[in-house]
Amino acid sequence: MTPRVVMTEDDLRRAVVRIAHEIVEEARGADDLAVVGIQTRGVALGRRIAALIEGFESTQVPFGSLDISLYRDDLGLRGVKPTLHRTDLPRSITDTRVVLVDDVLYTGRTVRAALDALIDFGRPQRIMLAVLVDRGHRELPIRADFVGRNIPTRRDEVVRVRLRETDGRDEVVLGTREELR
Amino acid sequence: MTVQYVTHPDLARSVTASPNQPAPDTGGIAAPAARRDAPPRWHHRHVLDLDDFSRDEIELVLETTDEMREVLARDIPRVPALRGTTVATLFYEASTRTRASFELAGKVLGADVINLSASGSSVEKGESLIDTVRTLQAMGVQVIVMRHPRSGAPYLAAAHCQAAVVNGGDGWHAHPSQALLDLYTIRRRYGTLAGLRVAIVGDIAHSRVARSNIWGLTTMGAEVVLCGPPTLLPSGIGPRISTAREEVAFPHVTIEHDLERALRGADVVMALRLQKERMQSGLLPGLREYARRYQITAERLALAQPDALVMHPGPMNEGVEIAPEVAHGGQSRIEEQVTNGVAVRMALLFLVARGG
């Protein structure tokens, strides 16, 4: 099997726009709303979502980035590089409604670490989770509030999200680890 | 300067091992490509000196330090990155800031930190260094931060235990965490180290801070000027007094006996602590004589670049190697050095404990 494109540029754009609409609908507006992207592709996606919501609601949506490296439970295991990225949250997240954004939801461990990290910065009124792709295989009781696309996968497969900001183009590809190396 | 990985036998293992091992499922299966595919940037099991650090590794420490500063700036500066890791500080020599900042660094990262010193431990009963570090290892200590009056002691410890050894200063030899915090403090001000002129003034011969700084600064592309009384300058360094071979080894280090010439045009002026015992051993006629010729005064500082940074590794003898109005003046970064020291040591602990 060769890697196949499971979301094209257009699919990805529509999914992000829909997620942004769903967030506004669910949150009934954008008051006290903040978007926080998980480094690194969640940041790019989060920025797009925040910009879209600002367009729909004609208001400012605080945006922040979160690096969860210091909260991972698999640090020090082979292959995890201790390269830290910027954490830069809106001044206060206490009493705000935070939409956490990541590219792929898989085991749930990244989101678990992100929740721990976020809560160290304050006490949000509510935390929601938006992901571009939910590929299943959860190891923790975590679910997303907003999903771009559910993609059934095998564990030995890899979902590779490519974004303009980080990879030069928008697409989601599914393949084996070797194929996508 | 060549990168000397040879002193780290574990390097070969870690580099050859990683490409063959499939990366574990980290949950972030769509994690950034850099995290998945880039070669490991960290090659050290121990941090003993900066002589075997490449530019990229120093850069990694400085970048990691940036993120550690963010953690320190939080309302509750505590993250669980080193939860379950035990760090021991083992100090055979007095220290305030190095020990306190390593301890704080470990605690901010969630590690368990135990502090041992030579007095009050089995060292007083004659326990050898090797036995002490093996005892710590047997208790499950994973990182040993060590200071010792003998040059090279941390290398001995590193050779005889599985724990990671971080040199907190050994004799006249090396003080890598101090040099890294100096590099970080300079880089924060100038954005880079390349092309800067750094004057280090004082007792160079007995200074582990100067030695590690020379390695670090020259690796990062800075020019180093060493200045002090001839009796306190090391032999065998710098083109003026070195053999032809050493000239090649240290093309960016010069020795200058005249303080005013050393300071002229400097971007950074680093004063070193003058130790009183140098007087007893006859290397210096007296403190007043030293201060008259080598003290960093406001007048002399004016010869450097207008906004040159003033640094000192501490503890200071105000009125000897540095004038009080300079130590506490607008160009002084001495307090910031201490603050950055915690963040740099967090980065080092994080990288030795988790970078392998």
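Begin by selecting His137 of chain A, which sits in the loop between β5 (126–134) and β6 (146–150) of that chain; helices (H or I, at least four residues) and strands (E, at least two) are DSSP runs, numbered from the N terminus. This is a predicted model, in which local features need pLDDT of at least 70 and side-chain atom pairs count only at pLDDT 80 or more, while totals for chains, interfaces and linings use all residues. Residues are numbered from 1 along each chain as its sequence is written, and chains are lettered from A and ligands numbered from 1 in the order in which they are written.

His137(A) has a phi near 65°, a positive value in a residue other than glycine. Most residues other than glycine have a negative phi, and most peptide bonds are trans. His137(A) is partly exposed, with 16 other C-beta atoms within 10 Å; a residue is buried if 20 or more other C-beta atoms lie within 10 Å of its own, exposed if 12 or fewer, and partly exposed in between, with C-beta atoms placed from the backbone.

Next, select Asp32(A), in the loop between α1 (9–27) and β2 of chain A. Asp32(A) also is not a glycine and has a positive phi, of about 60°, and it is partly exposed, with 14 other C-beta atoms within 10 Å.

Now move on to strand β2 (residues 33–38) of chain A, where six of the six residues are buried, so that the strand is largely enclosed by the rest of the structure. Leu33(A), Val35(A) and Gly37(A) point one way from β2(A), whereas Ala34(A), Val36(A) and Ile38(A) point the other way. Add strand β4 (residues 97–105) of chain A, which runs parallel to β2(A) and is joined to it by five bridges; two strands pair if DSSP finds at least two bridges between them. Within this pair, Leu33(A) stands opposite Arg97(A). Strand β3 (residues 63–66) of chain A is likewise parallel to β2(A), through four bridges, and here Ile38(A) stands opposite Leu66(A).

Following the chain beyond β2(A), look at the peptide bond between Gln39(A) and Thr40(A), which is cis with omega of about -5°; Thr40(A) lies in the loop between β2 and α2 of chain A.

For another part of chain A, select the three strands that form an open antiparallel sheet in the order β1-β8-β7. Strands β1 (4–7) and β7 (157–162) stand at the edges, each with a single partner strand, so one side of each is left without a neighbour in the sheet. Between β1(A) and strand β8 (residues 171–176) of chain A there are three bridges in the antiparallel sense, and Val5(A) stands opposite Val173(A).

Turn finally to chain B, whose secondary structure comes to 15 helices and nine strands, and where buried residues make up 48% of the 356 residues. Colour domain 1 (40–175 + 341–354) and domain 2 (176–335) of chain B separately, the bounds coming from an automatic or database domain assignment. Their C-alpha centres lie 25 Å apart, and 25 residues of domain 1 of chain B are in contact with 19 residues of domain 2 of chain B, contact being C-beta atoms, placed from the backbone, that lie within 7 Å. On the side of domain 1 of chain B that touches domain 2 of chain B, the largest share, five residues, comes from α3(B).

As a last stop, find the cis peptide bond joining Gly314(B) and Pro315(B), with omega of about -10°; Pro315(B) is placed in the loop between β9 (309–311) and α14 (324–327) of chain B.

Key:
Contact = placed C-beta atoms within 7 Å.
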